[in-house]
Structure formats: structure tokens, C-alpha cells
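Visitor: I would like a close look at a single part of this protein, taken slowly, with its partners and surroundings followed outwards from there. Could you choose one helix and walk me through what packs around it?

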Amino acid sequence: MPDADGRPNVLFVLTDQERYDYSAPDGPSVETPTVDRLSDEGMRFERAVTPISICTSARASLLTGLFPHGHGMLNNSHEADAIRANLPTELPTFSELLAESGYELTYTGKWHVGDDQTPEDFGFSYLGGSDVHHDDIDEAFREYREERGTPLEETELKDEIYTRGGSEDGTFVAATSPVDVEDTRAYFLAERTIDAIEAHAEDDREEPFFHRADFYGPHHPYVVPEPYASMYDPAKIDRPDSYAETFDGKPRVHENFLHYRGVADFDWDTWAEAVAKYRGFVTMIDDQLERILETLEERGLEEETAVVHASDHGDFVGGHRQFNKGPLMYDDTYRIPLQVRWPGVVDPGSVCEDPVHLHDLAATFLEMGGLEVPDSFHSRSLVSLLEGDADAADDRPDSVFAQYHGDEFGLYTQRMVRTRGYKYVYNGPDIDELYDLEDDPAELQNLIDHPGYADVREAMRERLVAWMDRTDDPNRKWVPDVLRERD
């Protein structure tokens, strides 16, 4: 329960690879009534981005408040070419600091930060639901399914979609599951989260709680049961504007990624089937979040609990004709949903248009808990924005910064700076990118060599270098000279 200092309980719900536009007012028609409710009862962040579109790296940034170059987890920890298998333990994390201050921290669901570490190494009591990677099934969920009489091994999927010509040698993209909703991983994780909330409610401790629920979705494979599998008609799903991608004037790796991911032969009908399952997955998780919020209400905790919803990064799902994510710094994968409901602090229905980062939540959680933010953090607390401080934006950057270092295909250096109107991407081994986000929100036309945008290009490069200097980016001595040569 909240303590005498008024520190709130915190329920933090992190989804895995959820697109920002699916819960945006002007986005596609996707049913997200629970997330919409958080927006109506709290604040929706219009310009939130992830520091990197890779699971391990983004989640490590969330814990440490650092950009990936600061914590060193530059790519996914489970891959054979992982730069680091585990997060350095000497780095301060928001969770350990909250635990030291008296918060009772619990955690359910996906971890994917370090191969030999668990949430318990960082101040949490771990309540189950994690695995080595999103394709593996942990023992707790396996036992749950067996108790329900629906063993995982006996599940026969339908409507399966694979990359690489539909062969099972390709990557598993989507399918319909014959099981009940109660048999899904999403339902199971909601149950574990509900158990945690009820346990906190019955605890006679005076200190507040912080619970983190990490869902395994809507990351591929997009496997959902009815009614979600057929909730969205593929024939009624419009192609995104970015599907018109020609790759003309873009870095070569963009088109190469179609072949690497195995989707070069996907036509729109195939993509529409996959998008329909992805949207069903989003709605299924939204319904599980509703169950969790109902538990807060039933236990009398709604008014004293701040609820935060975000995603580690987005998903292409056919945007730019791409699958998953990679060395493409489009809004599809870098812009994220972020909603905060904090009764008594956040004005209902408020919208923040200031640019913010996912890992700003690390500093935010500490300020919520009345703690100082470590000097090591790159992140900035969002509390002043949440409080509606009219002058808060004056002290904040007018842009966001992101980076990419490579995935399982190898190392690939990228840096990105984004303002309201423009995006600039530095590609170490190839042509840079510049997009006019107001005239070309689909990011189809690379304006990097357009003479009419020379001043914009220079200004965006200056912003990029300033971010690199501010965060002690190890490439800050190299990139400015390269950019001068590219002019």
C-alpha cells in the first residue's frame, strides 16, 4: 500500500513489439478499449520512441536509464553473436533502487535481458512466466496447460503462415490456435499478475508495491484463438501507405532485408492474413489488461496505483513490405505506445506532444518513488510532464535520439534523431536518410541529397552530434568527420 510519504503503487505493463498507431486516435481500426481507457483517464504520449528496436537492448535501457551504448547490451542476448550475454551488475537500475527504498517489487512474464540473469538479480520477486526466448515455453505455463487438460504438444494449429515460400523451414509468422482463450500465454500471465495484485492487497506492509507484467505479444508468431483469430477480416484491411515502398534512394540493406527475413514473395493477401492475426493478438492482450485493471478496482487499489502501459518497440507487420524489425529506423518499429494513468496527479484525457524515450520511465519510476535519479542515467523523468507543468517542455530536448547496432545478421551502425517535422538517420556503411514527416509520414522519399533540404540536413546533423556528445556515444569522434565528408 502507499506509504506515509504518498508514494504510489505502480503497475507497469510492457507489451512486446506493439505498434504505436494501433492505440492512437488516428490509427487503424483496432479494438483497444482498455488502453483507450488509460488514455481517457490519464495521459497519452504522442511522440514516444524506443532507444533501439531490439528486445534485449531496449529492455536493458529500460532498467538502467541508459542508451544501449551505455549499458553494452547492443543486440539480443540469446543470439550466437551477442555482444554481451548479461547486463553488467555494477550499473544502477531503477528496480534495485526502488527495492532498497522499501518498495515491494514483483515481476511476471518475459525477461530477455540476460541469459544467466533473472528479474530477481535486479530487485524483483519473480513470479513466473519467463523463458529463454519468446519461442520457448517455461515450465510454469506448461504445467498450467496440463492442469487445464490442453497440453502444448497436442495443440494443432490452423491457417499457418511461414516465410520463405510458406515452407516450415521459414520463420513461423501467424496461425489460428484451437484452444480456449483461457489456455493462452496472455491469459496465463494476466492470471499471475492478478495473483500478485491480490497478494499485495492482502499484505499488511505499509510500503507501496511495484508490479511489472511483461506480455509475450503481439510479437510474432501471431498465434491467437477465436474469437480473436477471425475478429479482423483480411479483405477489409487497407494497405499501409508505406507498402508502396520501392527502395529507390534507400540504403541497400532495406531491400536485402526482404530476402533475409524471407518475405520477398509475400503478396498483400498474405500480409493481410498476418496483419489480421496481429491485430487479434493486440486486442486479446488488451482484454487481459482489462481483467487486471478490474482487479485493482475490486481490491480498492485503483486510486492509489499509477498504471503505465508501453511497448519495448514496434513491428513492421508489412509496413514498407517488411517483417519483424531490423536496420530500418522507421516509425513502424521506433515509435511506441505510452499511456500513464496516475489518479490525483495526471489530468484525465491529457495528451503530451513532447518527445520522450522509453527509458525515460526508469527516471520517472524513481521520481514517483521519491528517489534521486543517478547521474549515470541518460533518461529524464516524465513526472513534470505528467503533472502538467507548463514550463516542463522548456527544459527538455526538442528531439529524440535512437540507435541500432545490428541483430543476428551482423553488426550495422545506425544513429537517428527525430523532431516533430523531420527524421535523420546516419547509416555507417551506406547512404544516410532524411524524411519530411509532415509531407511524407510514410517515410517513402529519402531527401538526403535534395538541394532544397540542405539547411534541414545540416540542422539535423547538428542535433545528432549533440545527442552523441551529450550521451558520451563512443562514435562521437568518428561520425562528425564522416558527416562533413558526406556534404
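Guide: What follows is a close reading of one helix and its neighbours, and then of some places elsewhere in the chain.

The model is a predicted one, and the part I have chosen is helix α8, which spans residues 268–298. Two other helices can be followed along this element, and a tryptophan within it gives a convenient place to look at its surroundings.

Let us take helix α6 as a partner of α8. Helix α6 covers residues 185–202, and its axis comes within 9 Å of that of α8, the two crossing at roughly 15°. Because angles under 35 degrees count as roughly parallel, α6 and α8 are therefore described as roughly parallel to each other, and their crossing is right-handed. On the α6 side the contact is made by A186, Y187, A190, E191, T193, I194, I197 and E198, while α8 contributes M284, I285, Q288, R291, I292, T295 and L296. Sorted by class, the residues of this contact divide into nine nonpolar, three polar and three charged. When reading such lists it helps to recall that an α-helix has 3.6 residues a turn, so residues three or four places apart point the same way.

Helix α1, residues 33–41, meets α8 in another arrangement: the axes are 7 Å apart and the helices pack at an angle of about 50°, and α1 and α8 are therefore oblique to each other. Here P33, T34, V35, R37 and L38 of α1 meet D286, L289, E290, L293 and E297 of α8. The residues of this contact divide into five nonpolar, one polar and four charged.

Three residues named in that contact return when one turns to the nonpolar interior. V35, L38 and L289 are among the members of a core of 52 residues, to which Y232 also belongs. As general background, nonpolar side chains tend to be buried together in soluble globular proteins.

Now consider W271, which is also found in helix α8. Its relative accessibility is 0%, so W271 counts as buried. Leaving aside neighbours within four places in sequence, W271 is in contact with Y243, V263, F266, V317, G318, R321, Q322 and F323. One of these partners, V317, deserves a second look, as it has a positive phi of about 45° although it is not a glycine. V317 lies in the loop between β10 (305–311) and α9 (331–334), and it is buried, with a relative accessible area of 5%. For context, most residues other than glycine have a negative phi, and most peptide bonds are trans.

With that background, other places along the chain may be worth inspecting in the viewer. H112 likewise is a residue other than glycine with a positive phi, here near 55°; its place is in the loop between β4 (104–109) and β5 (125–126), and H112 is buried, with a relative accessible area of 5%. The peptide bond from H220 to P221 is cis, with omega near 0°, and P221 is found in the loop between β8 (209–218) and β9 (222–225). Another cis peptide bond runs from E226 to P227, with omega near 10°, and P227 sits in the loop between β9 and α7 (252–261).

Finally, W271 can be set against a residue elsewhere in the chain: its C-alpha atom is separated by 42 Å from that of M368, the two residues being 97 apart along the chain. M368 is one of the buried residues of helix α10, a list that also includes D360, L361, A362, A363, T364, F365 and L366. Helix α10 is mostly covered, with eight of its nine residues buried, and just after it G370 takes a positive phi of about 75°. The largest nonpolar core has 63 residues, of which F45, F210, L338, L361 and F365 touch the most other members, and helix α10 (residues 360–368) gives the most to this core, with six residues. L361, not counting residues up to four places away in sequence, touches F12, L62, V308, A310, L338 and L382.

Conventions:
Residues numbered from 1 in each chain as written. Predicted model: local features only at pLDDT ≥ 70, side-chain atom pairs only at ≥ 80, totals over all residues. Heavy atoms only, no water. Axes fitted to C-alpha atoms, helices over the stretch in contact; angles between N-to-C directions. Helix = DSSP H or I, 4+ residues; strand = E, 2+ residues; numbered from the N terminus. Parallel < 35°, antiparallel > 145°, perpendicular 65-115°, else oblique. Left-handed = near helix turned anticlockwise from the far one by under 90°. Contact = heavy atoms within 4.5 Å. Nonpolar A, V, L, I, M, F, W, Y, C, P; charged D, E, K, R; others polar. Core = buried A, V, L, I, M, F, W, Y, C linked by side-chain atoms within 4.5 Å. Buried < 20%, exposed > 50% of the residue type's maximum accessible area, 1.4 Å probe, protein only.
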